[in-house]
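This report describes a single protein chain, from its overall composition to selected strands, helices and residues. The sequence and the coordinates are shown below.

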Amino acid sequence: MGQVKPIPACMIEKAPGAAEMPAHEGDNAERARRANDKQIASCRSVEAAPQNSELVAPPEQNVFAQFRGHLVRSNTLIQYPLPAHTSSRGDTRAAGPADAISNGHRAPALLGRRRECRTVDQLLESVRAGRSGVLILRGESGVGKSALLEYLAGMASGCRVARAAGVESEMTLAYAGLHQICGPVLDLRERLPAPQRDALATAFGLRTGPAPDPFVVGLAVLGLLSEIARERPLVCVVDDAQWLDTASALALAFVSRRLLMNSIGLVFAVPESWELREFSGFPELAISGLNAGDAGALLESVLAGRLDDRVRDRIVCESRGIPLTLLKLAYRVTPADLAGGFALPDVMPSVNRIEQTFLRRLALLPVESRRLLLLAATESRGDVSLLWRAAGRLGLGPDAAVPAQAAGLVDIGVHVQFSHPLLRSAVYRGASVPDRREAHRVLAEVTDLATDADHRAWHRAHAADAPDEDVAAELERSAGLAAAHGGVAAAAAFLGKATELTPDPARRAQRALKAAQAKLQAAGFGQAISMLATAEAGPLDELLYARVDLTRAHIAFAQGRCSEASPLLLTAARTLERHDVGLAREAYLDALKAAMCAGHLANGPSLFEVAQAARAAPTPPRAHKGDLLLDALAARLIDGDVAAVNLSKRAIQAFCDEDCSIQEGLRLLWLTSATAVDLWDDGRWDSFSARRVEIAREAGAISELPAALTSRIYVHLFAGKLAEASSLVREAQSVTEATGGNLVPYGAIGLAAWQGREDDVHTLIDATMSEAVARGEGIGVTLIHWASALLFNSLCRYEDALAAAWEVVKYPRAFVPPGWVSIELIEAAVRSGATELATDVVERLSETTGASGTDWALGVEARSRALVSDTDAAEPLYREAIERLDRTLIRVDLARACLLYGEWLRREGRRVDAREQLHRAYNMFAMIGMEAFAERARRELIATGEKVPKRGVETRGQLTPQEEQITRLVRNGLSNPEIGAQLFISCRTVEWHLRNVFSKLSISSRKQLRMALSEGKLPFASA
């Protein structure tokens, strides 16, 4: 739908409080009565409108309508446009056009919102037709976003409508916003797979257990909404999405990106100036203020008596057409003030002064009503029973609510609902500090400690007027409870408040450090740094100082600042040596990892210097797997690959011999996999990378999963399993989007290079190179240059390949497997005529391959040496290479060996022999999906006299990538719910894709599909 420039308009409200205004509002009541009479006359004019008019009849009485979260009866709202408006001069002006609405349910009529209503109507049509839709309504406060949401809800006949609204005070409570949507239908969770069902129950506090994986919660919500949509289309409207708690926002964004063919529509309203990363990329509808004509009509509709034209024009101009500004004006000035203009030199309430208007309205209420509203504002969940228990402590009864409800400020029914989100904050901020503390105190007293300990602790904390260790300790304990329920952000807030209330400086510093670590987990980097500053201000011993440095380094690494993280980790590791050798060595491993990522872009100690420090670290009494790995990495970086071979083999053998815990796997398997690659051990590289992905999934370590998937992608690339690699690329992208991560798409770059998609490679590189450099991610820069070299070799652009490979070689300690770069450099140098350079690189390569002794290593060495050998020596080397590589998992290197051998045979004039090798290479590349290499082999075959048709797009597959991915999981025996859980889509979406697959393949069952897979008949796409 994209961004639409709207026709300025809004839902027209009647003067708030008209006809039902309590007596204590004095003169306002009479003014409201006259305004109500005026609207009745307008209503009659609407009824008399001709049939072809775009005007809309007034809605039925007692239909609930909403304006910016204002839940009131329709008889307190003007929900119809004025067909004609009599100005203060007595002339008649046509009102702005309104859209015709007739759909069973009477939606609030909107003045001048034709384009916006059309966009919303199209979304509803899509949902009713079985498709999904997502829309972001963006505009400044008071512009009418909530009115458009109400229009959507009113027009959604035949659909189920779920509502939610972000609440600022609930932003620290994990899944609070999501509970508004899912709470009424939680009984349907029994239809979900067990892991999703349990995660949802834990998130909503229905059961205890470890913090649920946010990814699994997202899947559970997707499944839950899909179950609702099976019965009838579902429309979810979320107002004030900027105030959703982080967990809810991520879950809803996750669902929004995976709806596909579910009959679900999600519409979010956000302020114009808020940048919500979770909802980036969705279609947006920009909503601006009213035009001058509509704004003038609206203003006069809420003001009784004559209105001076100049005053009206100035008010309209100053209001910028913001409807809520105009509607609230009736509560601030009298008609005389407006007519003369004496009270309005700059009296117009701008949007950021709406709270002041509410404060004036609140001041008209009795003291008892204001005290009750303060309790309601302080109790953020809208729990009516809790509100009345607290009110009883203050001697407040139901009578205290009558004036506030009559004034349209609050609705106290099943839940407590304020008429406007800013009203809640206005009530709270307008109260004195002692009154706020009293409200928190009584709420704490009536909150059940056994069932609601975290909210009780939260209220106790805000009732405290001085540091209190007892309260701080309860908050700290409750932070653990909040984290167990999935509220990392809530836990961070609790620990932050506990820090504030801790009287003892030493204890406060310790809690500040814990708060910083929690805020880091919640991605609150700025707050984490602030908490670290608080910790440093306290009396810290050397060990705690080292932990502060360690946390600061982890923050830098989490933000992608690799070059900054490495020296910080190194400093912390050196300090920890004097206190905890084991922890120090873990810190050295983290420092090495950061230094490897920084590579030649390191800003501080080089990778070599970090390795030297790690080697000098004290050794533990008994070496564990991590210690062996640290020693092997340090030896490789200091002494070279050959000298470190035995240590490296011993380290990875330890990981094969001993069980690897989840924490060990998350911390160490990336380095272990990288060590296996250095040893040319394809089998262990395969098993370690697979285990890393498995652990990340089982542990719910979603932040680690994209990196684990990227490593696994490269295993599949070398194995010639590009379809599997493509599937993981999409999965990594999905996880990164769902978690709001910023992983550079190195897997996608490698896949595009393997497939020979030059334009895509350049596009990805252009988009990521500057980011990698800015983040100090040298490993990414070298990986990009290596992928470029491979691409250019496949395209026979050897000089470009040589230049790209040289960008890596000139940094000898760059942590990219040196053999990968050497392979590309040798081939490019030989084809470019730089034989001497190629020979030197072959000799250096043979040192590591000879020490490794694996078939992969020796096969690559034989192939590379054949390129620089004379005629007599070359052929046996090519044959050896093909024989050895045929025994490995690395099918790409085998195919390349056949290609090089075939090219050599053709140049030797042995065309018949050449065709055999070139046909084998061509078929392998074509089957794998390496199109550029396949085209290179095809051209060589043509040069031998063969006729080989050029591969067209139609030969590259008929199934879409998503269909291919699902088909392969069917082959592995997964059920539809299991496939949906793994691919992060709903079960219904899986069913839709499978129907398409069956139709394309003219089959009708999963059994037939598995048979086609076993016979290799499926037309898989490589891209």
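The sections that follow treat the chain as a whole, then its sheet, one helix and several individual residues.

## Overall composition

The model is predicted. The chain contains 47 helices and 11 strands. Of its 1023 residues, 57% count as buried. The accessible surface of the chain comes to about 40,000 Å², and carbon and sulfur atoms account for 51% of that area. Among contacts in the chain with a separation of 6 or more, 70% join residues 24 or more positions apart.

## The five-stranded sheet

An open sheet is formed by 5 strands in the order E6-E7-E8-E5-E9, and the pairing is parallel. Strand E6 (160-165) and strand E9 stand at the edges; each has a single partner strand, so one side of each lacks a neighbour in the sheet. From one strand to the next, the twist averages 15°. Helix H7 (residues 246-256) packs on this sheet, where it touches E5, strand E7 (234-239) and E8. The direction of H7 makes about 135° with that of E8.

Within the sheet, strand E5 (residues 133-139) merits a closer description. How many residues of strand E5 are buried? The count is 7 of the 7 residues, so the strand is largely enclosed by the rest of the structure. Both faces of E5 are covered. On one side the buried residues are Gly 133, Leu 135, Leu 137 and Gly 139, and on the other they are Val 134, Ile 136 and Arg 138.

The partners of E5 can be given in detail. With strand E8 (residues 264-271), E5 pairs in the parallel sense over 7 bridges. With strand E9 (residues 284-286), E5 also pairs in the parallel sense, over 3 bridges. Ile 136 of E5 stands opposite Phe 268 in E8, and its bridge partner in E9 is Glu 284. Arg 138 has Ala 286 as its bridge partner in E9.

## Helix H24

Helix H24 (residues 562-576) has 15 residues, which at 1.5 Å a residue should span 21 Å; the end C-alpha atoms are 21 Å apart, in agreement with that value. The buried residues of H24 include Cys 562, Ser 563, Ala 565, Ser 566, Leu 569 and Leu 570. Further along the helix, Ala 572, Ala 573, Thr 575 and Leu 576 are buried as well. Among the elements that cover these buried residues are helix H23 (542-558), helix H25 (581-598) and helix H26 (607-615).

## Individual residues

The table lists the relative accessible area and the resulting class of selected residues.

| Residue | Relative accessible area | Class |
|---|---|---|
| Cys 159 | 8% | buried |
| Tyr 175 | 3% | buried |
| Ile 322 | 1% | buried |
| Met 531 | 13% | buried |
| Cys 656 | 35% | partly exposed |
| Trp 680 | 4% | buried |

Two of the listed residues are cysteines, Cys 159 and Cys 656. With a disulfide taken as a pair of cysteine sulfur atoms within 2.5 Å, the count for the model comes to 0 disulfides.

Where does Tyr 175 lie? Tyr 175 belongs to the loop between E6 and helix H4 (176-182). Its phi is near 65°, a positive value in a residue other than glycine. Trp 680 is not a glycine, yet it has a positive phi of about 55°. Trp 680 is found in the loop between helix H29 (662-678) and helix H30 (682-699). At 4% relative accessibility, this loop residue counts as buried because the cut-off for that class is under 20%.

Ile 322 lies in the loop between helix H9 (309-319) and helix H10 (323-328). The C-alpha atom of Ile 322 is separated by 5.0 Å from that of Val 143, although the two residues are 179 residues apart along the chain.

Met 531, by contrast, is part of a helix, H22 (residues 525-537). Leaving aside residues up to four places away in sequence, Met 531 touches Gly 496, Thr 499, Ala 512, Ala 515, Ala 516 and Lys 519. The C-alpha atoms of Met 531 and Leu 495 are separated by 9.8 Å, and these residues are 36 residues apart along the chain.

Terms used. Residues are numbered from 1 along each chain as its sequence is written. This is a predicted model: local features need pLDDT of at least 70, side-chain atom pairs count only at pLDDT 80 or more; totals for chains, interfaces and linings use all residues. Side-chain values use heavy atoms; hydrogens and water are left out. Buried means under 20% relative accessible area, exposed over 50%, partly exposed in between (1.4 Å probe, protein chains only). Helices (H or I, at least four residues) and strands (E, at least two) are DSSP runs, numbered from the N terminus. Two strands pair if DSSP finds at least two bridges between them. Axes are lines fitted to C-alpha atoms, for helices over the stretch in contact, and angles run from 0 to 180 degrees between N-to-C directions. Contact means heavy atoms within 4.5 Å. Accessible areas come from the Shrake-Rupley method with a 1.4 Å probe; for residues, only the protein chains shown count as cover. The expected span of a helix is 1.5 Å times one less than its number of residues.
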